[in-house]
Amino acid sequence: RSVQSPKAPMMIAVIGPNAGCTKAGSSCDSIENMLGPYTQYNGVSVEVKTVYEAAVDSAASSDVVKFARGCDIDNENMDGIDEAVQLAQQSDIVVLVVGDSLHSCGEWSDRDSLDLPGAQMQLLENITAVRKAHGSKVKSLILVLINGRPATFGPKNALLDDIDVLLVSFRPGQMG
């Protein structure tokens, strides 16, 4: 008869501007981005779980789930990328949640590129570099795209080469 050892705790990083909220009790742009601009609801009038909150709820009790925003969607600010990279380096699983905001996709929101807006391409590039690094403990890299239009990931979509799972949710709404 064999004795199975308990599953080792996993460190799960949920990273990205569409992954979660940075301020409790305030407006949450990741929730608004999931709902999209064509809804009567907002993140206050209906209950909407962020990807981070859903990961916390569904993880094993021994697992640790942490969040880092990494960057913004509507500007090139990269101040949070180092924090996101450090979190990814410590993690077994990385869930990277990127895509559109209410301002980057919709009426009168034309862009000259389908690449991810803001500093998200740099965030994606840095997180995939963590995965490729020698000795990386990252076992799975999951990319969740919350968007309202097609997206590309650099020349020939090369940044997708190191992604294990790509989930394109478009605007999933309140039950997303």
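# A guided tour of the predicted model

A search of the whole structure finds one aromatic pair. The coordinates shown are those of a predicted model, and this pair is the starting point of the tour.

**Stop 1: the aromatic pair**

Select Tyr52 and Phe67. A pair of aromatic rings is described by the distance of the centres and the angle of the planes. Here the ring centres are 5.6 Å apart and the planes stand at 40°, so the pair of Tyr52 and Phe67 is tilted; an angle over 60 degrees would have counted as edge-to-face, and one under 30 degrees as stacked. Tyr52 belongs to helix α2, residues 51-58, and Phe67 to strand β2, residues 64-68, so the pair ties together parts that lie 15 residues apart in sequence. Is Tyr52 buried or exposed? With a relative accessible area of 25%, Tyr52 is partly exposed.

**Stop 2: the whole chain**

Now display the full protein as a ribbon. Four helices and five strands are present, and reading along the sequence gives the pattern β-α-α-β-α-β-α-β-β. The protein has 176 residues, of which buried residues make up 41%. The exposed surface of the protein amounts to about 9,900 Å², with carbon and sulfur atoms supplying 52% of it. Among contacts between residues at least 6 apart in sequence, 73% join residues at least 24 apart.

**Stop 3: helix α3**

Select residues 81-89, which form helix α3. Its buried residues are Ile81, Ala84, Val85, Leu87 and Ala88. Where do these buried residues sit around the axis? They cover an arc of only 160°, which puts them on the same side of α3. To see what they pack against, add β1 (11-15), β2, β3 (93-99) and α4 (120-132) to the display.

**Stop 4: helix α4**

Keep α4 in view and select its two end C-alpha atoms. They are 18 Å apart, which agrees with the 18 Å that the 13 residues of α4 should span at 1.5 Å a residue. The buried residues of α4 are Gln120, Met121, Leu123, Leu124, Ile127, Thr128 and Val130. Their cover includes β1, α3, β3 and β4.

Next, pick out Thr128, which is found in this helix. Its relative accessible area is 2%, so Thr128 is buried. Leaving aside residues up to four places away in sequence, Thr128 touches Leu141, Leu159, Asp162 and Ile163.

**Stop 5: the nonpolar cores**

Which residues have the most contacts inside the largest nonpolar core? They are Ile15, Val94, Leu96, Leu123, Leu124 and Ile127, in a core of 27 residues. The elements giving two or more residues to this core are β1, α3, β3, α4 and β4. Centre the view on Ile15: when residues up to four places away in sequence are not counted, Ile15 touches Ala68, Ala84, Leu87, Ala88, Val94, Val95, Leu96, Val97, Leu123 and Ile127. A second, separate core has 18 residues, among them Ile12, Met34, Ala59 and Val65.

**Stop 6: Ser91**

Move to Ser91, in the loop between α3 and β3. Is this loop residue, Ser91, buried or exposed? At 0% relative accessibility, Ser91 counts as buried. Select Ile12 as well: the C-alpha atoms of Ser91 and Ile12 are separated by 5.6 Å, although the two residues are 79 residues apart along the chain. Apart from residues up to four places away in sequence, Ser91 touches Met11, Ile12, Ala13, Lys137 and Val138.

**Stop 7: Lys156 and Asn157**

The last selection is in the loop between β4 (140-146) and β5 (165-168), where Lys156 lies. Asn157 is found in the loop between β4 and β5 as well. Most residues other than glycine have a negative phi. For Lys156, however, phi is near 55°, a positive value in a residue other than glycine. Asn157 also has a positive phi, near 50°. How do the accessibilities of these residues read? Lys156 counts as exposed, at 84% relative accessibility, while Asn157 counts as partly exposed, at 30%.

Note on methods. Residues are numbered from 1 along each chain as its sequence is written. This is a predicted model: local features need pLDDT of at least 70, side-chain atom pairs count only at pLDDT 80 or more; totals for chains, interfaces and linings use all residues. Side-chain values use heavy atoms; hydrogens and water are left out. Rings of Phe, Tyr and Trp (its six-membered ring) pair if their centres lie within 6.5 Å; planes under 30 degrees apart count as stacked, over 60 as edge-to-face and the rest as tilted. Buried means under 20% relative accessible area, exposed over 50%, partly exposed in between (1.4 Å probe, protein chains only). The arc is that of the directions from the helix axis to the C-beta atoms. Contact means heavy atoms within 4.5 Å. The expected span of a helix is 1.5 Å times one less than its number of residues. A nonpolar core is a set of buried Ala, Val, Leu, Ile, Met, Phe, Trp, Tyr and Cys residues joined through side-chain atoms within 4.5 Å. Accessible areas come from the Shrake-Rupley method with a 1.4 Å probe; for residues, only the protein chains shown count as cover.
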